[in-house]
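Reader: I am new to this structure and should be grateful for a close look at one loop residue. Please then continue to other residues and helices, explaining each term as it arises.

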Amino acid sequence: MPHATRRSVLSGAAVTGAAALSAAGYAAPAHGVNGAGRPDTVRLTVLGTTDLHGNVFNWDYYKNAEFSNSAGNEIGVAKVKTLIDAVREERRGEPILTIDAGDTIQGTPLAYYYARIDPITEGAIHPMARAMNLVGYDAAALGNHEFNYGIDTIRKFEEQVNFPMLGANAVDPSTKLPVFPPYVIKEFRVGRGRRLKVGVLGLTNPGIAIWDKANVEGKMEFPGLVEQAKIFVPELKKAGCDLVIISAHSGADTSSSYGDDLPPENAATLVAEQVPDVDAILVGHAHREITERFVTNTETGKQVLLTEPLYWGMRVSVMDLVVRQEKRHGRPRWVLESATSQTLNSNTVDPDPEVSAAVQEQHDVVIDYVNSVVGSSAVEMLAARAVVEDVPIIDFVNFVQADAVKAALTGSDADAELPVISIAAPFSRAAAFPAGEVTVRDVAGLYIYDNTLMAVRITGAQLKDYLEFTARYFKQVSGTGPFPIDAVTNAPTDTAPNGTPDYNFDTIAGLDAALTYDIDIAGAVGSRITDLAYGGVAVTDAQEFVLAINNYRQSGGGGFPHVTDAPVVYNQQVEIRQLIIDWVTEHQVIDPAAFASVDWRLVSGGEPITVNS
């Protein structure tokens with residue numbers, strides 16, 4: 001039986017072709033087709049997407065409704081295909097490449113279901129493989145989230161797609177050679193017996209070594225993008241490539257969430273600056289829109305085109321690379337004459353019916369799954385103010401994590417005698433448990449990442465350092481307010497120049513006794529945590545705790561101090577989202593009276609502050 005709230009994603013007559021391009025904001029380049037008819041010029045079109053994150057349909061599985069945001073964006077590979085087909089139709093007969101810059105198989109319940117519930121490693125076909133094969137990609141770079149479910153899953157996905165998954169800087173620890181294809185070379189017939197040879201180099205993110213340490217340690221290494229591009233771009237030129245395009249799962253604005261421990265996380269601009277003979281870069285990972293940007297190569301002075309379409313299929317980048325044939329040393333060769341780019345908006349077109357039909361059944365299965373009831377909540381619990389005050393829904397995450405760790409530390413284990421505390425971050429301010437029935441969808445909306453639970457042993461001094469680090473999330477203000485939320489949260493830092501994301505604001509709670517502390521945001525960074533106590537007694541530097549923590553954080557995600565080197569006392573590879581679902585299923589009722597308390601508060605000069613919504 002159909003789900004009562006299900007809306008079929010199959011549409012009627014689709015807006016396609018020239019009408020679709022016009023609606024999406026397409027501007028016909030001045031040079032026109034094949035260089036405005038000049039016989040010595042050819043236009044290569046490169047169509048690019050990135051950070052699709054398991055979105056096939058314009059659907060929000062957490063809200064059980066069509067996706068919408070304040071900007072009016074729409075999402076999904078089904079819409080992407082409509083745009084891509086429209087460009088192909090408009091440029092029929094011209095050389096066209098279609099590429100992606102990574103993060104395809106993680107990010108939605110649809111993707112999670114076919115990694116964990118009905119996994120592709122046991123026979124299922126990944127819905128993103130079905131959708132992307134129908135789009136007709138020529139290549140895709142590996143994203144860091146490709147590794148979240150382990151190497152077996154990405155290898156199976158690699159088998160299921162009809163295009164190569166590229167990773168020039170995913171290498172074997174012993175040989176230092178790539179363990180995925182580093183590049184693909186495409187040849188196009190462009191008339192009068194001529195051929196245009198194009199190399200596409202794929203680069204992924206060095207942060208994989210931290211973020212998915214448990215999956216890749218000892219199996220793969222991830223050197224810097226610049227270092228590997230300096231090896232493989234010359235190789236592509238030696239192979240006769242007229243143009244070199246890079247698909248890089250790495251942002252354009254140079255920074256690293258993990259500091260200097262690894263090569264830069266966001267290094268696309270560095271590649272353009274430091275590696276000669278790169279013509280254009282499709283940028284990914286940063287979830288930002290760059291319609292067109294030019295970066296000067298410091299060695300050659302050449303202008304390198306960068307573009308990054310908005311994530312989840314909200315945009316498609318269209319790069320126009322016009323080459324001119326000329327003779328050098330008596331031999332004809334193609335020379336890049338101009339490079340431009342634009343982005344097309346998915347919210348103006350209908351989803352492609354072929355993609356929709358191919359994945360509809362899997363979509364329906366997942367809708368039924370996420371709407372299944374697992375228990376109930378005694379009261380409504382909201383995460384909207386979790387960034388400025390202690391709220392029960394975050395306390396619940398900490399309680400479940402700490403409870404699982406304590407239950408596992410039994411018997412003769414000395415760590416079982418230590419107090420258990422837990423960290424959690426507000427991943428989504430929209431997360432909520434209603435009063436009454438709680439579904440898988442509600443839990444998934446609260447814990448949106450596929451993290452696993454770990455625990456480490458730390459000291460009181462290390463705990464204080466950790467809290468001081470997380471307090472960097474707040475802007476320095478004086479007075480007690482009232483302040484709007486954005487006046488005190490998401491402070492820029494050296495590693496997060498655009499503002500510290502909510503997921504890097506951890507709060508800590510105790511299990512058998514309250515861990516209490518104030519965050520004084522009138523103080524300078526590093527001197528904000530006051531009145532830190534466990535069970536009403538001031539925490540000492542030498543005191544020891546077992547800290548329940550997710551694998552992302554323990555591996556170094558966010559650059560938090562001490563936890564990467566602390567002794568690991570629990571690591572059973574249990575996914576936290578599933579742990580929460582199992583807890584609710586077993587206990588049936590979530591009652592904050594059993595676990596919630598005010599563990600922390602924001603103050604200014606010791607006085608509580610007021611923060612409005």
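**A loop residue and the packing of helices**

Author: Ser255 is found in the loop between strand S9 (243-248) and helix H9 (268-274); helices (H or I, at least four residues) and strands (E, at least two) are DSSP runs, numbered from the N terminus. The model is predicted, so local features need pLDDT of at least 70 and side-chain atom pairs pLDDT 80 or more, while totals for chains, interfaces and linings use all residues. Residues are numbered from 1 along each chain as its sequence is written, and side-chain values use heavy atoms, without hydrogens and water.

Ser255 has 16% relative accessibility and therefore counts as buried (under 20% relative accessible area, with exposed over 50% and partly exposed in between, for a 1.4 Å probe and protein chains only). Apart from neighbours within four places in sequence, Ser255 is in contact (heavy atoms within 4.5 Å) with Pro264, Glu265, Asn266, Thr495 and Pro497.

A second serine, Ser376, lies in strand S15 (residues 373-377). Its relative accessibility is 22%, so Ser376 counts as partly exposed. With neighbours within four places again left aside, Ser376 is in contact with Gly436, Glu437, Val438, Val584, Gln588, Val589 and Ile590. One of these partners, Val584, also belongs to the contact between helices H11 and H15.

Helix H11 (residues 392-408) and helix H15 (residues 576-587) pack at an angle of about 90°, with their axes 10 Å apart. Axes are lines fitted to C-alpha atoms, for helices over the stretch in contact, and angles run from 0 to 180 degrees between N-to-C directions. H11 is therefore roughly perpendicular to H15 (65 to 115 degrees). On the H11 side the contact is made by Phe396, Val397, Phe399, Val400, Gln401, Asp403 and Ala404, and on the H15 side by Ile576, Leu579, Ile580, Trp583 and Val584. By class, this contact of H11 with H15 has 10 nonpolar, one polar and one charged residues (Ala, Val, Leu, Ile, Met, Phe, Trp, Tyr, Cys and Pro are nonpolar, Asp, Glu, Lys and Arg charged, the others, Gly among them, polar).

Helix H10 takes part in two further packings. Helix H3 (residues 109-117) meets helix H10 (residues 353-370) at an angle of about 85°, with axes 9 Å apart, and the two helices are therefore roughly perpendicular. Pro109, Leu110, Tyr112, Tyr113, Tyr114 and Ile117 of H3 contact Val359, Gln362, His363, Val365, Val366, Tyr369 and Val370 of H10. The residues of this contact of H3 with H10 comprise 11 nonpolar, two polar and no charged.

Helix H4 (residues 127-135) packs on H10 at about 170°, also with axes 9 Å apart, which makes H4 roughly antiparallel to H10 (over 145 degrees). From H4, Pro127, Arg130, Ala131 and Leu134 meet Glu354, Val355, Ala358, Val359 and Gln362 in H10. The contact of H4 with H10 has six nonpolar, one polar and two charged residues.

Helix H2 (residues 77-90) is described by its burial. Of its 14 residues, 10 are buried, so H2 is largely enclosed by the rest of the structure; among them are Val77, Leu83, Ile84 and Val87.

Confidence completes the account. The mean pLDDT (the predictor's confidence in each residue, from 0 to 100) is 93 for the chain, and 95% of its residues reach 70 or more. Over residues 1-13 the pLDDT is below 50, and this stretch has 25 contacts beyond near neighbours in sequence. Residues 32-36 likewise have pLDDT below 50, with nine such contacts. Where pLDDT is low, the predicted coordinates should not be read in detail.

Terms used: Parallel < 35°, antiparallel > 145°, perpendicular 65-115°, else oblique.
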